[in-house]
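Please walk me through this structure, one part after another, in a way that suits someone who has not seen it before.

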Amino acid sequence: MRLPALLPLLLLAPLLPAHAAPAAAAVNGLSFTHNDWTLACDNTRTCRAAGYQNDQDGGNAPVSILLTRLAGPDQPVKAEVMLGQMDGPALPKQLSLQINDTKLGALAYKAADGTAVLSPAQVKTLLSTLTGTSRIVLTGNDGKRWTVSDRGASAVLLKMDEFQGRLGTPGALARKGTKAESTVLPAVPMPVVKLAKVVPTRPADEALGESKALRAALAAATSADDCEALHPGDSVISNEGPQEITVQRLSADKLLVSQACWRAAYNTGDGYWVVNDRAPYQPRLVTTSGAGDDVRTIVESHRGRGLGDCFYTTSWGWTGTQFVKTDVSSTGLCRLVSAGGAWEMPTLVSKVQE
């Protein structure tokens, strides 16, 4: 059985279109999780680390802290908080922070959405304790408390320093040293993907959806593990018989064809292929986990679990010759913080031009 919600985590290597020429070599994004902390670093070398309540202690109210740091020397760390809102609790009107025995005062807090931003002084204290023993407590004016776990923080911050080339420098978070700050790896420009204009779909194109030869070509090019519906078998979707094929024109000689491929408990996946507009069709698979398209762009979006408190997304754009991956992201760990997930934590970003 497929595990569709985990697939986007494997799609971390950026595909750079041939016509995009960044000033620096392409960088592969990174995803890393340890205990109650998770890390996502993208292809510009920006890193985001999120910590949550202790998942082994059911008594802790859901909460998350997000640390964001751009690449390059002397970059500060920004920190923000989100209080858990999945069960609709009344949020406090004010929120204060205490780390270990140090009271750090009120946070810049938005009561309407349960989010807050830490001041530079509060961030400094937080970072000074995270690699050791750190008890991070948020307290509302109503007396309610939220505790952010330190389990996994040290490993995540070390991995962030390593990815950004900060190990052994004064600005490192987990392993400071005397190496010059100028040795820190620079930021990488965001790649630019120029979307091509598509050609209107013709009536004859839509008729190809009934072609047995096209369906046979898709099946020959795609395994049953990737697209159950194309192959007779024991799965529910394949036993339903042939799925409808949608055909849309991309260019003078290329078509985008799609059909349902699999269904799981709380996710589905559609297959997308680029094919020649006449035989031999020579399908080129884009994905078998798609969730929708507007012809020029294809999107995957899957829940990490049925509660819908975490999602994984991937998108592709049509350049005129191929679909290239433009974005890969998650919303962090599945910890009941927010419907749809608490944060946007990409491992691949692009500037998409229409």
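Two strands are said to pair if DSSP finds at least two bridges between them. The model shown here is a predicted one, and a good place to begin is a sheet in which that rule applies. Strand E10, covering residues 136-140, pairs with E11 in the antiparallel sense, and 4 bridges join the two. Within this pairing, leucine 138 has tryptophan 146 of E11 as its bridge partner.

These two strands belong to an open sheet of 4 strands, which follow one another in the order E7-E6-E10-E11 with antiparallel pairing. Strand E7 (102-106) and strand E11 (145-148) stand at the edges, and because each has a single partner strand, one side of each is left without a neighbour in the sheet. From one strand to the next, the twist averages 20°. As a general matter, the strands of a sheet pair through backbone hydrogen bonds, in either a parallel or an antiparallel way.

Staying with this sheet, one can look at the loop between strand E6 (95-99) and E7, which is where asparagine 100 has its place. The phi angle of asparagine 100 is near 55°, a positive value in a residue other than glycine, and the residue is partly exposed, with a relative accessible area of 29%. Another loop, between strand E20 (323-330) and strand E21 (345-348), holds leucine 336. Here too phi is positive in a residue other than glycine, with leucine 336 near 65°, and at 34% relative accessibility leucine 336 counts as partly exposed.

The next stop is helix H5, which spans residues 212-221 and in which Leu214, Ala217, Leu218 and Ala219 are buried. An α-helix has 3.6 residues a turn, so residues three or four places apart point the same way. The buried residues of H5 pack against two strands, E14 (254-263) and E15 (268-276). At the start of the helix, a side-chain oxygen of serine 211 reaches to within 3.3 Å of the backbone nitrogen of alanine 213.

Strand E15 leads on to a further feature, since the loop between E15 and strand E16 (284-290) contains proline 280. The peptide bond that joins alanine 279 and proline 280 is cis, with omega at about -5°.

Side chains can be followed next, beginning with the aromatic rings, for which the count comes to 1 aromatic pair. The rings of tryptophan 318 and phenylalanine 323 have centres 5.2 Å apart and planes at 50°, so the pair is tilted. Tryptophan 318 is buried, with a relative accessible area of 1%, and phenylalanine 323 is buried as well, with a relative accessible area of 8%. Threonine 319 is found in the loop between strand E19 (311-318) and E20. With a relative accessible area of 16%, threonine 319 is buried, because buried means under 20%. The side chain of threonine 319 makes a polar contact, at 3.4 Å, with the side chain of threonine 321.

A last contact brings together a charge and a ring: the charged end of lysine 159 sits over the ring of phenylalanine 32, at 5.0 Å from the centre of that ring.

Note on methods
Residues are numbered from 1 along each chain as its sequence is written. This is a predicted model: local features need pLDDT of at least 70, side-chain atom pairs count only at pLDDT 80 or more; totals for chains, interfaces and linings use all residues. Side-chain values use heavy atoms; hydrogens and water are left out. Buried means under 20% relative accessible area, exposed over 50%, partly exposed in between (1.4 Å probe, protein chains only). Contact means heavy atoms within 4.5 Å. A polar contact is a pair of N or O atoms within 3.5 Å; within protein, one must be able to donate a hydrogen and the other to accept it, and residues adjacent in sequence count only if both atoms are side-chain atoms. Axes are lines fitted to C-alpha atoms, for helices over the stretch in contact, and angles run from 0 to 180 degrees between N-to-C directions. Rings of Phe, Tyr and Trp (its six-membered ring) pair if their centres lie within 6.5 Å; planes under 30 degrees apart count as stacked, over 60 as edge-to-face and the rest as tilted. A charge sits over a ring if NZ of Lys or CZ of Arg is within 6 Å of the ring centre and within 35 degrees of the ring normal.
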